[in-house]
Amino acid sequence: MAFYRDGLKHPTHIWEAAAMHHLVRVECGAQRCVNSATFDPHALWGLFYRRHWDDHFPVAQHRFWCRVCSRLAGFRVKAAQMSSLGTSVGDVTHPLPMPDEHVWKSFLNRHKG
Ligand SMILES: [Zn+2]
């Protein structure tokens, strides 16, 4: 669940980031690599929801692999770290289809505390 630090609420799941309208950042954690991606939280939630994937950041980040590192290494490098950008303002680098509004709203009604 979301936690509070310095008086600010921090999401720990993609759906929480979506509920807060915070963009989701996925960064490559490999040394010297600066590759990162920014996702619309609703679109990313929709992808995980459709595939029945766990959207908890520490689990969800294992779904990602770095194209830059992988090209150099010759295999899929999985060192991604997912976090909330803490803002709704920013450039979405990886646009995904938006989830059905009704599906999202009904999910949110079941999960928000
Ligand atoms: Zn990388």
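Start by selecting Lys105: at a relative accessible area of 41%, this residue is partly exposed. Before you go further, keep in mind that you are looking at a predicted model.

**Stop 1: along helix α5**

Keep Lys105 on screen and add Glu101. Their side chains meet in a salt bridge, 2.5 Å from N to O. Why do these two sit about one helical turn apart? Both belong to helix α5 (residues 101-111), and they are separated by about one turn because they are 4 residues apart in that helix.

**Stop 2: the other salt bridge**

How many salt bridges does the structure hold? There are 2, so far you have seen Lys105 with Glu101. Now select Arg25 and Glu27, whose side chains also form a salt bridge, this time at 3.7 Å from N to O. Colour by accessibility if your viewer can do that. Arg25 comes out as partly exposed, with a relative accessible area of 22%. Glu27 is partly exposed too, at 34% relative accessibility.

**Stop 3: the zinc site**

Next, click on the zinc ion. Which residues coordinate it? Show Cys28, Cys33, Cys66 and Cys69 as sticks: each gives its SG atom to the zinc ion, at 2.2 to 2.3 Å. If you check the angles between the 4 donor atoms, you should find 105 to 113°, which makes the arrangement tetrahedral. For comparison, the ideal angle for four tetrahedral donors is 109.5 degrees.

Along the chain, the donors follow the spacing C-x4-C-x32-C-x2-C. Select Cys28 and Cys66 to see how the site links distant parts of the chain: the two are 38 residues apart. Cys28 sits in strand β3, while Cys66 is in the loop between α3 (57-60) and α4 (67-73). Are these two cysteines buried or exposed? Switch on the surface and look for them: both Cys28 and Cys66 are buried.

**Stop 4: the loop between β3 and β4**

Stay with the chain just past Cys28 and select Gln31, which is in the loop between β3 and β4. Gln31 is exposed, with a relative accessible area of 70%. Draw a distance from its C-alpha atom to that of Val92: the two atoms are separated by 24 Å, and the residues are 61 apart along the chain.

Now pick Arg32, which lies in the loop between β3 and β4 as well. Arg32 counts as exposed, at 81% relative accessibility. Look at its backbone too: phi is near 70°, a positive value in a residue that isn't glycine.

**Stop 5: another positive phi**

For a second example, jump to Asp6, in the loop between β1 (3-5) and β2 (8-10). Asp6 is not a glycine, yet its phi is positive, at about 55°. With 73% relative accessibility, Asp6 counts as exposed.

**Stop 6: the largest pocket**

Finish at the largest pocket, which has a volume of about 470 Å³. Select Phe39, Phe64, Trp65, Arg67 and His94 to find the middle: of the 21 lining residues, these are the closest to the pocket's centre. Then colour β3 (24-28), β4 (36-39) and α2 (41-50), each of which supplies at least two residues of the lining. What is the lining made of, by class? Colour it by residue type and you'll find 14 nonpolar, 3 polar and 4 charged residues.

How values were computed
Residues numbered from 1 in each chain as written. Predicted model: local features only at pLDDT ≥ 70, side-chain atom pairs only at ≥ 80, totals over all residues. Heavy atoms only, no water. 1 Å grid on protein atoms, 1.4 Å probe; cavity = no way out; pocket = protein on both sides within 12 Å on 5 of 7 lines; lining within 4 Å. Points joined across faces, edges and corners; volume = space filled by probe spheres on them. Nonpolar A, V, L, I, M, F, W, Y, C, P; charged D, E, K, R; others polar. Donors = N, O, S within 2.8 Å, 3.2 Å for Na, K, Ca; no water. Tetrahedral: all angles 85-135°; square planar, octahedral: opposite > 155°, others 65-115°. Buried < 20%, exposed > 50% of the residue type's maximum accessible area, 1.4 Å probe, protein only. Salt bridge = Lys/Arg side-chain N within 4 Å of Asp/Glu carboxyl O.
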